[in-house]
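Student: Please take a close look at the charge pairing between side chains in this model. I'd like to know who pairs with whom, and how covered each partner is.

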Amino acid sequence: VKKLSATAADFSGNLESISSSDAEIYFDIPAAVRVDPRVTNHADISVLFSAIKRSPVMSQVTPISPIVTLTLAGANGGKITLNNLSVPVEIRIPISRDGLCPDEISKYTG
């Protein structure tokens, strides 16, 4: 959880790595979103940014990145819904081929 002001110059952050070998999980909320009335109507904004580092296998599908959530909340904890943005919110998620079988690795083009 990170407390931010809508007028703050830095509206980004990254999750702390569990170990030095973990890749960075990062978000950046652009200025166009910071000046959006849905954001500026709030005096305080909390950014709740989390990740499940080792994603579970789901119906025989092995995710190749952590499952990440990003939520903006107002001072009272209410979710700030942002849709139809003119500029996207950037979230950087590391990709890992660990756990993929050789056939899956050969199909992976990332």
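Tutor: Happy to! Let's fix one term to begin with: a residue is buried under 20% relative accessible area, exposed over 50%, and partly exposed in between, using a 1.4 Å probe and protein chains only. This is a predicted model, where local features need pLDDT of at least 70 and side-chain atom pairs count only at pLDDT 80 or more, while totals for chains, interfaces and linings use all residues. Residues are numbered from 1 along each chain as its sequence is written, and side-chain values use heavy atoms, leaving out hydrogens and water.

Now to the pairs. Side chains of opposite charge can pair when their charged atoms come close. Searching the whole structure gives 2 salt bridges (a side-chain nitrogen of Lys or Arg within 4 Å of a carboxyl oxygen of Asp or Glu).

One of them joins Arg38 to Asp36, at 2.7 Å from N to O. Its partners fall into separate classes: Asp36 counts as buried because its relative accessibility is 12%, whereas Arg38, with 30%, is partly exposed. For context, 25% of the 110 residues of the protein chain count as buried.

The other bridge links the side chains of Glu90 and Arg92, with 3.6 Å between N and O. Here Glu90 has 36% relative accessibility and so counts as partly exposed. Arg92 is partly exposed too, because its value is 38%.

To recap, Asp36 is the buried partner of Arg38, while Glu90 and Arg92 are both partly exposed.
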